[in-house]
Amino acid sequence: MDGRERMAPAANGQRTPDVWVFGYGSLCWYPGFEYSDCITGYIRGYVRRFWQANVTHRGTKEQPGRVATLIEDKEGITWGCAFKVTGADALEYLGQRECTLGGYATKYIKFYPRIASEQSGISGEAFATLVYIATPKNEYWIGEEPLLVTARQIVESRGPSGHNVEYLIRLAMFMRDELPGASDEHLFELESLVRRFVAEAELSVDQLLMMGNTPLRRIRRDTHEEVRRHVTFEYTSRVPDTKLRCLHI
């Protein structure tokens, strides 16, 4: 099992694997499956980008929406949350949602918990999580495009699961509410453009959020944390040093 899965007892006496799944897009605010734990943290070596089209949930074939994927970057850090799931049902659901319909592939990547807790059995050590990543090999791949183009596409797209704006705004809300101080220039700059275009179109962000048909529920994350702490100060020593690429210093 190469250290990625732990065995848990099942009702029929058999043992089924516990798997941690890393969410960095809609999974952060709407996992859609049962889980036993949810904790915030980050992975290294990747950045979040809205370079993947979507025609099944947040867009159509005529008007594809935009959703997040991960792009390799040796100096990158992507914040999100990890869900602990047991059994095959959740993984089958994710396989359908992310791979069959979304065009994503799977990979195991080390996840670094934001808060360690001996009482909850969550150490500060990194552990492997299952991650769904879109690659240029899938038919919905967009790749890099101007943020203005991406923002306008998001404002103009909606699908069976709701408006594309909801996907972006709720992800930005998750980052601010759950990970205060965490940096994601691509996400927040895109959010700013989308809010501007929504206002110019005389639409309401709140109304667009209400168009979704995904039942939202309060996700209990980091239940072992007593006080919400600012990411920047807490993890200064754990985030690898980066240099200013343009100046090479």
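Thr129 sits in strand E6, which covers residues 127-134; strands (E, at least two residues) and helices (H or I, at least four) are DSSP runs, numbered from the N terminus. Is Thr129 buried or exposed? With a relative accessibility of 0%, Thr129 counts as buried, because buried means under 20% relative accessible area, exposed means over 50%, and partly exposed is in between (1.4 Å probe, protein chains only). Leaving out residues up to four places away in sequence, Thr129 touches Trp20, Val21, Phe22, Ala82, Lys107, Tyr108, Ile109 and Phe111. Contact here means heavy atoms within 4.5 Å.

A quick word on what you're looking at. This is a predicted model, where local features need pLDDT of at least 70 and side-chain atom pairs count only at pLDDT 80 or more, while totals for chains, interfaces and linings use all residues. Residues are numbered from 1 along each chain as its sequence is written, and side-chain values use heavy atoms, with hydrogens and water left out.

Now zoom out. The chain has six helices and eight strands, and starting from the N terminus its elements run β-β-β-β-α-β-β-α-β-β-α-α-α-α. Of its 249 residues, 49% count as buried. Take the contacts in the chain with a separation of 6 or more: residues 24 or more positions apart account for 76% of them.

Arg44 gives you an example of residues from separate parts of the sequence. Arg44 is in strand E3, and its C-alpha atom is 7.4 Å from that of Glu75, although the two are 31 residues apart along the chain. With a relative accessible area of 30%, Arg44 is partly exposed.

Next, the helices. Helix H2 (residues 147-156) packs against H4 at an angle of about 55°, with the axes 9 Å apart. Axes are lines fitted to C-alpha atoms, for helices over the stretch in contact, and angles run from 0 to 180 degrees between N-to-C directions. So H2 and H4 are oblique to each other: angles under 35 degrees count as roughly parallel, over 145 as roughly antiparallel, 65 to 115 as roughly perpendicular, and the rest as oblique. Their crossing is right-handed, meaning that the near helix is turned clockwise from the far one by less than a right angle; anticlockwise would make it left-handed.

Who does the touching? H2 brings Leu147, Leu148, Thr150, Ala151, Arg152, Ile154 and Val155, and H4 brings His186, Glu189, Leu190, Leu193, Val194, Arg196, Phe197 and Val198. Sorted by class, the contact of H2 with H4 has ten nonpolar, two polar and three charged residues. Ala, Val, Leu, Ile, Met, Phe, Trp, Tyr, Cys and Pro count as nonpolar, Asp, Glu, Lys and Arg as charged, and the others, Gly among them, as polar. Within H2, Leu147, Thr150, Ala151, Gln153, Ile154 and Val155 are buried. Their cover includes strands E3 (37-54), E4 (65-86) and E8 (162-163), along with H3 and H4.

H4 (residues 185-200) also meets helix H3 (residues 164-178), and their axes come within 10 Å and cross at roughly 130°. H3 and H4 are therefore oblique to each other, and H3 passes H4 in a left-handed crossing. On the H3 side you'll find Val165, Leu168, Ile169, Leu171, Ala172, Met175 and Arg176, which meet Leu187, Phe188, Leu190, Glu191, Val194, Arg195 and Val198 in H4. By class, this contact of H3 with H4 has eleven nonpolar, no polar and three charged residues.

Follow the chain into the loop between H4 and H5, and you reach Glu202. Its phi is near 55°, a positive value in a residue other than glycine. Most residues other than glycine have a negative phi. Glu202 is exposed, with a relative accessible area of 74%. In helix H5 (residues 205-210) you'll find Leu209, which is buried at 10% relative accessible area. Setting aside neighbours within four places in sequence, Leu209 is in contact with Glu166, Ile169 and Arg170.

Finally, the cysteines. How many disulfides does the structure hold? Zero, with a disulfide being a pair of cysteine sulfur atoms within 2.5 Å. Why is Cys38 without a bond? Its sulfur is 4.1 Å from the closest cysteine sulfur, in Cys81, which is too far for a bond. Cys81 is in no disulfide, and the nearest cysteine sulfur, that of Cys28, is 4.1 Å away. Cys38 counts as buried at 4% relative accessibility, and Cys81 is buried at 0%.
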